[in-house]
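Work through these exercises with the model open. Each task is followed by a solution in steps.

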Amino acid sequence: MDNFFAAISLFRRRKYDECIEVCNGLLLQQQPAQHNALHQGPWELKMRSMTQRVYIDDVEADDDVAGIPAAKSTPGDECSAHVTSLQRPEPAVAAACIIVYLDPHHAATKNHCKHDAAAAAGSVPMASATRGTDDGPQDILDTQTIATAPRPGTSIRTAKPMATATGTTTTTAANRPRTGTGRPITGISRPGTLSLQRPGSTLGNRTAPRTASRTAGGSARQMRLGSASMFAAGDPTGPLFHISRLHPDKYADRDALSKPLFQYLYYHEGDIRKAMALCDAVLNRRRLRAGPDEQDELAQPRSGSARLDTGSDWWWNTQKARCLIAIGCPREAEPYLRKALQELLHPDVVLLLARIYVKIDQPMAALEVCRTALEKLPNEIVLLTQQARILELVGNLTTSVRRYRQIAVLDPMNTEALACIAVSYFYANQPETALLYYRRILALGAHSAELYCNIGLCCLYGGQLDLVFPCFQRALRMATGSELRADIWYNLSFVAMTTGDIHLARRCLRLCIAANGSHGSALNNMAVLVARQKQYHKAKSYLVAARTALPASDEIGHNLKFIENFQ
């Protein structure tokens with residue numbers, strides 16, 4: 001078989017490493033005639049193989065939600081705003097599609113946290129209040145003023161919990177533990193919830209893409225760049241892929257090569273600026289080839305937005321918007337996505353547009369985009385999932401769970417829908433029903449430490465005490481990191497306290513602190529147990545360490561003031 005056709009066969013079978021080796025041999029043989037047409041095929045095939053080897057679908061991978069970047073998370077972001085003396089809400093583990101921990105305390109009690117219901121979202125032009133006697137009339141007539149107090153119920157950051165009574169059970173967003181940014185934890189950890197990680201997590205320490213924006217770059221792209229840098233070491237044909245020598249105008253007319261080149265620049269190299277320059281070159285070339293009538297029609301600027309490129313290809317408009325989102329310009333990306341939707345209603349375009357509105361804290365606009373798309377694409381699972389996530393962010397958990405039920409009917413193997421429904425039942429004091437959903441997820445093959453931990457908690461509240469410790473033993477055996485192991489030991493301490501074994505609870509807390517010395521809730525609970533033995537100096541040292549780990553916790557501050565009375 002010809003080597004080039006063998007490389008194509010390897011690429012179709014997703015054997016990218018072997019395909020790259022074959023392409024390297026072909027490129028080394030043809031290096032003296034680099035400008036020959038025979039050189040383009042192996043070069044393009046190798047470029048596509050290198051891209052697919054590190055490709056991660058980043059349509060949903062975004063760490064910035066409602067304008068709150070992950071880099072600004074506080075040490076208490078992984079736990080709820082309500083931390084008790086003996087247990088705390090468990091954090092979401094930042095790995096894509098992993099079941100998050102349940103909160104044993106919120107299932108045992110019905111303490112409803114009261115959150116400020118500030119008005120919300122909007123970026124709505126309105127007349128501002130008079131600030132002075134001289135500039136008052138100008139301010140009233142100023143249509144460019146942005147509202148500082150947005151309308152209630154339209155913001156993610158100031159979402160008000162919505163209560164719905166069903167029989168004797170009341171389900172509200174306050175029943176669940178909330179993150180440091182005020183959002184209720186979800187049933188599954190997604191790329192967009194990586195801000196729940198602790199500040200010391202290694203997920204936030206990878207190389208960022210080469211952009212001019214500080215807010216650019218989600219974790220998915222950072223992981224791609226880390227993998228790409230490892231694969232690029234020792235590449236014998238590396239000089240053929242010099243990005244600094246690339247001229248976008250040279251490839252604008254070559255449709256078969258421009259798309260793989262863009263994907264290589266964006267996904268493999270992480271050079272957003274160069275990828276956006278290629279998009280501009282292609283769109284400008286297509287605009288020049290369009291007729292005068294079409295140019296006049298497409299070049300009409302929208303009010304309040306930048307002038308659109310007149311490219312007729314929805315794919316390139318989408319990629320231009322993707323680059324603008326990556327460099328932190330979501331408003332400039334919006335008209336490109338609108339233009340792409342006019343040419344082709346694609347779910348990825350709808351998701352990117354909804355992602356823009358979520359980023360700028362306009363969840364109602366994102367929901368409207370999804371609703372309009374669902375009218376033409378009914379029962380599209382990715383759009384229903386996006387709707388459910390946004391409803392969960394704004395605190396409308398009842399409607400969110402209804403969407404997840406609809407997804408579960410359409411796709412019974414959807415792990416995210418099953419996990420979110422299980423979390424809803426758990427915090428509605430129905431652990432037996434939640435256990436059925438978690439067992440369904442287990443039957444689908446999703447074996448993880450978090451899942452076994454959640455099953456153990458459901459068994460604890462469901463009265464199946466003989467299955468509690470075996471589930472936690474399995475969770476400990478499957479735990480891969482020290483922080484994950486610390487969280488499991490913390491949950492075991494709560495189980496021990498529930499059964500009345502204070503000695504076992506103390507040992508579990510010690511193991512938790514040994515695995516993670518900055519586990520603030522474990523330090524706080526250890527201080528409470530030590531204070532019961534009247535060792536107040538030791539209890540104060542634990543509380544000081546807990547305050548260092550969780551400076552925003554009111555519970556720890558109250559305990560510190562209380563312990564000082566005994567010294």
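The expected span of a helix is 1.5 Å times one less than its number of residues. Keep in mind that the model is predicted.

**Exercise 1. Compare the expected span of helix H11 with the distance between its end C-alpha atoms.**

Step 1. Helix H11 covers residues 314-326, which is 13 residues.
Step 2. At 1.5 Å a residue, H11 should span 18 Å.
Step 3. The end C-alpha atoms of H11 are 18 Å apart, so the two values agree.

**Exercise 2. Describe the ends and the surroundings of H11: what caps its N-terminal end, what follows it, and how many of its residues are buried?**

Step 1. Start at the N-terminal end. Aspartate 313 is the cap: one of its side-chain oxygens lies 3.0 Å from the backbone nitrogen of tryptophan 315.
Step 2. Move past the other end. Glycine 328 follows H11 and has a positive phi, near 85°.
Step 3. Count burial. In H11, 12 of the 13 residues are buried, so the helix is largely enclosed by the rest of the structure. Among the buried residues are Trp315, Trp316, Lys320, Arg322 and Cys323.

**Exercise 3. Find how many disulfides the structure holds, and explain why cysteine 23 does not bond to cysteine 19.**

Step 1. Set the cut-off: the two cysteine sulfur atoms must be within 2.5 Å.
Step 2. Search the whole structure. The result is 0 disulfides.
Step 3. Check cysteine 23. Its closest cysteine sulfur, in cysteine 19, is 4.2 Å away, which is too far for a bond. Cysteine 23 is buried, at a relative accessible area of 0%.
Step 4. Check cysteine 459. The nearest cysteine sulfur belongs to cysteine 471, 4.8 Å away, and cysteine 459 is in no disulfide. Cysteine 459 is also buried, with a relative accessible area of 2%.

Methods. Residues are numbered from 1 along each chain as its sequence is written. This is a predicted model: local features need pLDDT of at least 70, side-chain atom pairs count only at pLDDT 80 or more; totals for chains, interfaces and linings use all residues. Side-chain values use heavy atoms; hydrogens and water are left out. Buried means under 20% relative accessible area, exposed over 50%, partly exposed in between (1.4 Å probe, protein chains only). Helices (H or I, at least four residues) and strands (E, at least two) are DSSP runs, numbered from the N terminus. A polar contact is a pair of N or O atoms within 3.5 Å; within protein, one must be able to donate a hydrogen and the other to accept it, and residues adjacent in sequence count only if both atoms are side-chain atoms.
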